[in-house]
Amino acid sequence: MGKVKLYYADGGPASRAVILAVKALNLDVEYILTDSHAGQNKTAEYIKMNPQSTVPTLDDNGKIVWDSHAITRYLASAYGTSGSLFPNDPYQRAVIDQRLHFDDGVLMTRFGKAAGPVFRGLAKEYNKDDLESLYAALDILEIFLSTGPYVAGSSLTVADFSLISTVTTIDKFIGQLDAGRFPKVVGWIETMKKLPYFEEANTKPLDKMYQGLKARMG
């Protein structure tokens, strides 16, 4: 068997989530940088592998998985030895799944609506209503964290990897989160920062993405 291959975007939140999972599982993965700005996800070869042409995409010796949430669950199920990142218990899995759907369908969606016009040069400032909608989603995350130190309870799971990649992006691009309004979220960020692989897998690529976007925006 060959190495597992991960086609990833440098600094992208979804890619950072998967890389956090890879590091947590201590997997030996071949990383293949895939630049969507250069159309590297639009080649015939890539589309044959992933017809949605999204990044990241995982190739586990011919078993293709895309969407970061699906990838992290697959990796934890296939390669996790302790079972803690995505437990077998149906209820625990349901809670983790719900958190992942919240990340994709609510938090990231609202961040995109708030930040997209500014990033595309269509607006100079974030819309106040869109920002408040985003912060309302973070209020819900604050409630999730009332059940334990991690987003799905007492243990670190793949849900933390997806949500931390999104939340740190919000914190970096929109502005530092208010610890008065979001004390549990801010505390959770600090907890996640203590992971030995967090700086390499999340902080550094996020900073690189931020600087690159600033340079493109002038």
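This dialogue goes through a predicted model of one protein chain, from its overall fold to its pockets and one residue.

Trainee: Where do I start, and how many helices and strands does the protein chain have?

Mentor: Start with the secondary structure, which comes to 8 helices and 4 strands in the protein chain. Then read the elements in order along the sequence: the pattern is β-α-β-α-β-β-α-α-α-α-α-α.

Trainee: How compact is the protein chain for its length, and why?

Mentor: The general idea is to set the radius of gyration beside the value from the globule rule. Here the radius of gyration is 17 Å and the rule gives 17 Å for 218 residues, so the chain is as compact as a globular protein of that length. Along the principal axes, the C-alpha atoms fill a box of roughly 50 × 40 × 30 Å.

Trainee: What can be said about burial and surface in the protein chain?

Mentor: A residue counts as buried when its relative accessible area is under 20%. In this chain, 44% of the 218 residues count as buried. The accessible surface is about 11200 Å², and carbon and sulfur atoms account for 52% of that area.

Trainee: Which contacts join residues far apart in sequence?

Mentor: Take the contacts between residues at least 6 apart in sequence; 68% of these join residues at least 24 apart.

Trainee: Now the pockets. How much space lies in the largest pocket, and which residues lie nearest its centre?

Mentor: The largest pocket holds about 1300 Å³ of space. Its lining has 38 residues, with A9, G12, P13, V55 and M209 nearest the centre.

Trainee: Which helices supply the lining of the largest pocket?

Mentor: At least two lining residues come from each of α1 (13–25), α3 (68–79), α4 (90–119), α6 (158–173) and α8 (198–217). The helix that gives the most is α4, with 7 residues. Sorted by class, the lining has 14 nonpolar, 16 polar and 8 charged residues.

Trainee: What does the second largest pocket look like by the same reading?

Mentor: The second largest pocket has about 260 Å³ of space. It is lined by 15 residues, and T168, D171, I189, E190 and K193 are the closest to its centre. Helices α6, α7 (183–193) and α8 each supply at least two residues of that lining, and α8 gives the most, with 5. By class, there are 6 nonpolar, 4 polar and 5 charged residues in the lining.

Trainee: Let me try a single residue. Where does T166 lie, and is T166 buried or exposed?

Mentor: T166 lies in helix α6. Its relative accessible area is 1%, and the cut-off for buried is under 20%, so T166 is buried.

Trainee: Which residues are in contact with T166, beyond its neighbours within four places in sequence?

Mentor: Those contacts are with D103, L107 and M108. Sequence distance and spatial distance are separate readings: T166 and F119 are 47 residues apart in sequence, and their C-alpha atoms are 16 Å apart in space.

Note on methods:
Residues are numbered from 1 along each chain as its sequence is written. This is a predicted model: local features need pLDDT of at least 70, side-chain atom pairs count only at pLDDT 80 or more; totals for chains, interfaces and linings use all residues. Side-chain values use heavy atoms; hydrogens and water are left out. On a 1 Å grid over the protein atoms alone, a cavity is a set of points where a 1.4 Å probe fits but cannot get out, and a pocket is an open set with protein on both sides within 12 Å along at least five of seven lines; lining residues have an atom within 4 Å of a point. Grid points are joined across faces, edges and corners, and a volume is the space filled by probe spheres set on the points. Ala, Val, Leu, Ile, Met, Phe, Trp, Tyr, Cys and Pro count as nonpolar, Asp, Glu, Lys and Arg as charged, and the others, Gly among them, as polar. The radius of gyration is taken over C-alpha atoms; the globule rule is 2.2 Å times the number of residues to the power 0.38. Buried means under 20% relative accessible area, exposed over 50%, partly exposed in between (1.4 Å probe, protein chains only). Contact means heavy atoms within 4.5 Å. Accessible areas come from the Shrake-Rupley method with a 1.4 Å probe; for residues, only the protein chains shown count as cover.
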